[in-house]
Amino acid sequence: MFAFFRRRRSKDDLKQRLKLVLSYDRARLSPGKMEQLKRELMAVVEKYFPSDGDDLNVRFEQHGDRMVLIADLPRHEPR
Amino acid sequence: MREPGPRVGTPGPATSGAGAPRLGRPEEGGHLVNAKAIVVTSGKGGVGKTTVTANVGAALAKLGERVCVIDTDVGLRNLDVVMGLEGRVVFDLIDVFEGRCKLRQALIRDKRVETLSLLAASQTKDKSALSEARMQDTVRALLHDEGFDRVIVDSPAGIEAGFRTAASAVEGALVVVNPEVSSVRDADRIIGLLEAREIHEVRLIINRLRPAMVKRGDMLEVDDVLEILGVKLIGIVPEDERVLVSTNVGSPTALDDGGSKATAGSAFRDVARRLRGEDVAYPDLDTSRGVFAGLRRLFGGR
């Protein structure tokens, strides 16, 4: 009865989790492997552009009916 | 495979007499499951196999057992999301079968209960997915090399190859049944198949029981189901909204419903204790008595 006051709605959590897990399902990659991919990409980038690897953002995006893997890496100005 | 005959002359622990419908207080005892590897199965889909696996697994782990739960529903993995571990899946069961990773690398340790681990199903089919030999090797390695006390295998629905693979490495079974016609019929079929595979420690979990409907005589009561199926009971789980809410957030209700008695979470905890040989009484699930229920009735609730 008092749950309304103290608990945030669990379905919002669920929707978030489902969106994320479905994007991985559709891309046929597990979230854990995505983390691995990210780490390995960072290592490669770091090798060619030292100090740039940290800002790497890797994600899936739905572009129409295609799932696209986005790797976003802002280039730093050389100091 | 040989089809067994009907289980005549093997009534459940409780025999129902005439009179008022009972919500189920069968005789205690006879629950202990010695099997270290147990399949959770039902025949019919949607009766709560995955929920039972996650909750009984979590409850057993909470009691100090080292538990590994395995999702064998290849192509339709779900135990990971129910347990809230989907973000940490790197390798899965098929990676293990195919030798693409070590068994240990595929184990995902639950952060809430340290002694609980998940081995996820793969989302893509692969021909090795149905290998009974690989399943047996994997379960053996979990028990002997990785030091788990208990392995709980979440079976896919159906009686096809997926079920046979799931059942190929176990000595015990939890059959999940809802008190309704198709679920009971399918459970009977599954129990026959388990016996044909010489899995003798078969226990029944009656899931999603609605005490108010039983009381009205509109739902099979526990004794009815036991009489029809003729296997030992190990749990009566009431229909409970908390189950859905807890799966929404990916945390088994057995871990976080606060210890109230007439809840699904409590029923799952009781199953875990009975599995370990404890005599746990079946609580009264009828919440239609008492002050609050009286108030609810006043305001037109059931």
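**Entry 1: helix 10 of chain B**

I began with helix 10 (residues 241-248) of chain B, where V243(B), V245(B), S246(B) and T247(B) are buried; a residue is buried if 20 or more other C-beta atoms lie within 10 Å of its own, exposed if 12 or fewer and partly exposed in between, with C-beta atoms placed from the backbone. Helices (H or I, at least four residues) and strands (E, at least two) are DSSP runs, numbered from the N terminus. This is a predicted model, in which local features need pLDDT of at least 70 and side-chain atom pairs count only at pLDDT 80 or more, while totals for chains, interfaces and linings use all residues. Residues are numbered from 1 along each chain as its sequence is written, and chains are lettered from A and ligands numbered from 1 in the order in which they are written.

I then looked up what covers the buried residues of helix 10 of chain B, and the cover includes helix 2 of chain A as well as helix 1, helix 2 (79-82), helix 11 (253-256) and helix 12 of chain B. After helix 10 of chain B comes G250(B), with a positive phi near 70°.

**Entry 2: the interface**

Since helix 2 of chain A appears in that cover, I turned to the contact between the chains, counting two residues as in contact if their C-beta atoms, placed from the backbone, lie within 7 Å. On this criterion, 13 residues of chain A are in contact with twelve residues of chain B. Helix 2 (10-27) and helix 3 (31-48) of chain A each contribute at least two residues to the side of chain A that touches chain B, and helix 2 of chain A gives the most, with seven residues. By class, that side of chain A has three nonpolar, four polar and six charged residues, where Ala, Val, Leu, Ile, Met, Phe, Trp, Tyr, Cys and Pro count as nonpolar, Asp, Glu, Lys and Arg as charged, and the others, Gly among them, as polar.

**Entry 3: helix 1 against helix 12**

For this pair I noted that helix 1 (residues 49-62) and helix 12 (residues 264-275) of chain B pack at an angle of about 60°, with their axes 8 Å apart; axes are lines fitted to C-alpha atoms, for helices over the stretch in contact, and angles run from 0 to 180 degrees between N-to-C directions. Helix 1 and helix 12 of chain B are therefore oblique to each other, given that angles under 35 degrees count as roughly parallel, over 145 as roughly antiparallel, 65 to 115 as roughly perpendicular and the rest as oblique. The contact is made by N55(B), V56(B), A59(B) and L60(B) of helix 1 and by F268(B), R269(B), V271(B), A272(B) and L275(B) of helix 12 of chain B, and by class it has seven nonpolar, one polar and one charged residues.

**Entry 4: the sheet**

I traced an open sheet of eight strands in chain B, in the order 3-4-2-5-1-6-7-8 and with mixed pairing; two strands pair if DSSP finds at least two bridges between them. Strand 3 (107-109) and strand 8 (232-238) of chain B stand at the edges with a single partner strand each, so one side of each is left without a neighbour in the sheet. Neighbouring strands are turned by 25° against each other on average, direction ignored. At one edge, strand 3 and strand 4 (residues 116-119) of chain B pair in the antiparallel sense over three bridges, and R109(B) has S117(B) as its bridge partner in strand 4 of chain B.

Helix 7 (residues 181-196) of chain B packs on the sheet, touching strand 1 (37-41), strand 6 (172-177) and strand 7 (201-209) of chain B, and its direction makes about 170° with that of strand 6 of chain B.

**Entry 5: strand 1**

I found that five of the five residues of strand 1 of chain B are buried, so this strand is largely enclosed by the rest of the structure. Both of its faces are covered, with A37(B), V39(B) and T41(B) on one side and I38(B) and V40(B) on the other. Strand 1 of chain B runs parallel to strand 5 (residues 150-154) of chain B, joined by four bridges, and A37(B) has V151(B) as its bridge partner there. Four bridges also join strand 1 to strand 6 of chain B, again in parallel, where T41(B) stands opposite V175(B). A37(B) counts as buried with 25 C-beta neighbours inside 10 Å.
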